[in-house]
Amino acid sequence: MRKSHPIRRVVLATAATVSGVVLLLSLKPASDPASASAAGAAPQQTAAAQESPQGGAEQARADGTVTGAVAQTQYGAVQVRLTVRGGKITRAEAVQAPKGGESDQKTALAVPKLNQAAVVAQSADIDSVSGATYTSAGYKKSLQSALDKAKAAAPAPGSSTGSSSKPGSGGSGSAEAAAPRTVTGKAAQTPYGAVQVRITVSGKKITRAEAVQAPKGGESDQKTALAVPKLNQAAVAAGNADIDSVSGATYTSTGYKKSLQSALDQAGG
């Protein structure tokens with residue numbers, strides 16, 4: 001048997017070692033730090049996109065209660081009142097809507113849906129209710145008016161709504177003064193029944209007026225339905241009890257104004 005030459009064994013061992021090193025070098029780039037960095041780039045970009053502010057698209061609105069302008073329709077007036085909290089609409093309601101005959105059914109059908117849609121959409125871009133096209137159009141018009149008022153009353157960006165920087169002034173007091181207050185006047189007796197008015201005051205202005213009591217029964221129902229919405233609107237527009245009586249409802253108008261003045265006295269207006 002021939003013995004292997006020592007030099008041949010050394011050559012073979014060296015060749016095997018070189019082959020192993022080459023193989024290891026060919027596998028190393030897979031764990032290269034540059035590859036790991038590239039793999040993490042996409043998640044970093046996603047996180048940055050999620051952190052980017054989205055609030056710029058929201059509309060700034062003053063908190064409180066705001067009533068839009070009256071929108072006249074073919075079947076009667078529509079007027080919308082909004083309650084805004086934290087810059088968002090939390091409640092929408094129609095303080096005026098078409099009444100009488102078939103209009104009662106359409107109003108009862110449409111107004112709740114429109115109120116809900118306004119709160120969901122947070123804008124006047126809402127769908128009309130089928131079968132109540134005129135009421136829907138008037139609602140959206142008055143709703144937009146209310147939104148415009150709320151936006152106009154919003155504080156300027158960067159302004160402080162908290163403590164005041166003026167010496168001796170209390171920031172919390174200013175916030176309390178701007179907070180809406182609801183006051184109910186004393187009931188005023190008339191030959192046809194009691195009239196009692198409740199108002200919401202914000203910033204020394206009447207933002208809402210309503211009759212919690214009014215003459216009822218027989219002909220009084222018609223006179224109340226005719227007079228009270230007009231008196232409510234007049235009270236908000238005037239900001240005081242110096243409003244005109246509604247023709248054909250003199251006693252109700254007189255009682256309304258008396259109770260309204262009582263409410264204003266309680267509110268300090």
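A salt bridge here means a side-chain nitrogen of Lys or Arg within 4 Å of a carboxyl oxygen of Asp or Glu. Count them that way in this predicted model and you get seven salt bridges. Let's visit a few. One idea to carry along: side chains of opposite charge can pair when their charged atoms come close.

**Stop 1: E93 and R91.** Select E93. How exposed is E93, at 12% relative accessibility? E93 counts as buried, because the cut-off for buried is under 20%. Now add R91 to your selection: the two form a salt bridge, with their closest N and O atoms 3.4 Å apart. R91 itself is partly exposed, with a relative accessible area of 42%.

**Stop 2: E93 and R208.** Keep E93 and select R208 as well. Here's another salt bridge, and this time the closest N and O atoms are 3.7 Å apart. Colour strand β4 (residues 88–96), where E93 lies, and strand β8 (residues 205–213), home of R208; the pair ties together parts that are 115 residues apart in sequence. R208 is buried, at 16% relative accessible area.

**Stop 3: zoom out to the network.** Select R81, R91, E93, R198, R208 and E210 together. Salt bridges link these residues in a network, and both pairs you just saw belong to it.

**Stop 4: helix α7.** Finally, select residues 219–238, which make up helix α7. What do the side chains of K223 and E219 do? They meet in a salt bridge, 3.9 Å from N to O. The two sit four residues apart in the helix, so about one helical turn separates them. K223 counts as partly exposed at 29% relative accessibility, while E219 is exposed at 55%.

How values were computed
Residues numbered from 1 in each chain as written. Predicted model: local features only at pLDDT ≥ 70, side-chain atom pairs only at ≥ 80, totals over all residues. Heavy atoms only, no water. Buried < 20%, exposed > 50% of the residue type's maximum accessible area, 1.4 Å probe, protein only.
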